[in-house]
Amino acid sequence: MTQVHPQDSRQEDPSRILKYIIFFVNVLFWFLSIIVLGIGIFVMVEKRDVYSKLTDLYYDPAVLFVVFGGLMFILTFTGCIGALRENTCLLAFYAGIITVLLIMEVICGIVGFVNSDKLEENIDEKLQNAIVFYRDPTKPDLHFLIDTAQTELGCCGSRSYTDWEANIYFNCSAPSVSACGVPFSCCKTEDLQTNRQCGYGIHKLSPSYRQDLIHEEGCLNLSVQWFKDNLALIGGLSFGVVSLQLVTVCLAGMFRRQILDVKQPSGD
């Protein structure tokens, strides 16, 4: 008489390895999203008086932190709960959103590469507009962002230090001590930058003396050159990000398929 062994139901369960890989990867990025979101909210709360008078948030990096952190929070939270609860709807939503983001990233990368000259012109236009709003009391973060960028990159203006003539405080017709000047962050050394007026009247100086005091090259020009010099590094990082997203989509799809197979009646 043949003895029939009961089927081990654990062999039909979805893979715990896939489950916890998806879960812990999303937990990691979930904590990162909380940090990003928290920074954005903290800055906006600290500046609540400014925001009550603000008509547009176009140049405010705090808003970008809140939007990016919020979207990342929702997406990673969906991935965590979907994997932990083995919810096929949440996993499908999670994989679908990442797929859409992946397609958008590839399209943007191709369009940006093909239209690199036009993209550069658009960025230059945005930077020129940002220069105009420098020292605007309703955009304090923009002030800090420009000074930080110019100091860290060692540059001045978008294309050149002469871009600062478009700002009402540094234009040569301005009735102030900063006329014909540039911000202190254009000065070359930290010792010079301790004097917040180190860039004032710079257009009235001789070319050789001016070159010793400030950075004359624009930030956009330096950034474009850096990208050209580091194409291999940028390509490798981009490939890594795309690969991580693709692997995540595949894992979520495989795990969802296993859950559906377990729930589906065998028909025996």
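**Exercise 1. Decide whether Arg159 is buried, partly exposed or exposed, and find which residue it pairs with in a salt bridge.**

*Solution.* Start with accessibility, where buried means under 20% relative accessible area, exposed means over 50%, and partly exposed lies in between (1.4 Å probe, protein chains only). Arg159 has a relative accessible area of 27%, so this residue is partly exposed. Bear in mind that the model is predicted, that local features need pLDDT of at least 70 and side-chain atom pairs count only at pLDDT 80 or more, while totals for chains, interfaces and linings use all residues. Residues are numbered from 1 along each chain as its sequence is written, and side-chain values use heavy atoms, with hydrogens and water left out.

Next, look for a partner, taking a salt bridge to be a side-chain nitrogen of Lys or Arg within 4 Å of a carboxyl oxygen of Asp or Glu. Arg159 forms such a bridge with Glu120, and the closest N and O atoms are 2.8 Å apart. This pair links distant parts of the chain, since Glu120 is in helix H5 and Arg159 in the loop between H6 and H7, 39 residues apart. Helices here are DSSP runs (H or I, at least four residues), numbered from the N terminus.

**Exercise 2. State how many salt bridges there are, and work out where the partners Lys19 and Glu86 lie.**

*Solution.* The count comes to five salt bridges. As background, side chains of opposite charge can pair when their charged atoms come close. In one of the bridges, the side chains of Lys19 and Glu86 meet at 3.4 Å, N to O. Lys19 lies in helix H1 and Glu86 in the loop between H3 and helix H4 (88-114), so the pair ties together parts that are 67 residues apart in sequence. The two partners can then be placed by accessibility: Lys19 counts as buried at 11%, whereas Glu86, at 25%, is partly exposed.

A further bridge joins Arg257 to Asp261, with the closest N and O atoms 3.3 Å apart. Because these residues are four apart in helix H10 (residues 231-263), about one helical turn separates them. Arg257 is partly exposed with a relative accessible area of 44%, and Asp261 is partly exposed with 43%. Finally, salt bridges that share partners join Glu120, Asp124 and Arg159 into one network.

**Exercise 3. Describe the aromatic pair of Trp30 and Phe73, and say which cluster holds these residues.**

*Solution.* Rings of Phe, Tyr and Trp (its six-membered ring) pair if their centres lie within 6.5 Å; planes under 30 degrees apart count as stacked, over 60 as edge-to-face, and the rest as tilted. The structure holds eleven aromatic pairs. For Trp30 and Phe73 the ring centres are 5.7 Å apart and the planes stand at 35°, so the pair is tilted. Trp30 lies in helix H1 (residues 16-46) and Phe73 in helix H3 (residues 61-84), so parts that are 43 residues apart in sequence are tied together by this pair. Trp30 counts as partly exposed at 22% relative accessibility, and Phe73 is partly exposed at 27%. The cluster consists of Trp30, Phe31, Phe73 and Phe77.

Now take Tyr134 and Phe170, which form a tilted pair with 6.1 Å centre to centre and 45° between the planes. Tyr134 is in the loop between helix H5 (116-132) and helix H6 (140-153), while Phe170 is in the loop between H6 and helix H7 (190-193), 36 residues apart. Tyr134 is buried at 2%, and Phe170 is buried at 0%.

**Exercise 4. Examine Arg135: find its phi, its place in the chain and the ring that it lies over.**

*Solution.* Most residues other than glycine have a negative phi. Arg135, although not a glycine, has a positive phi of about 75°. Arg135 lies in the loop between H5 and H6 and is partly exposed, with a relative accessible area of 28%. A charge sits over a ring if NZ of Lys or CZ of Arg is within 6 Å of the ring centre and within 35 degrees of the ring normal. Arg135 lies over the face of Tyr169, at 5.5 Å from the ring centre.

Cys180 also has a positive phi, of about 60°, although it is not a glycine. Cys180 lies in the loop between H6 and H7 and counts as buried at 6% relative accessibility.

Methods: Helices (H or I, at least four residues) and strands (E, at least two) are DSSP runs, numbered from the N terminus.
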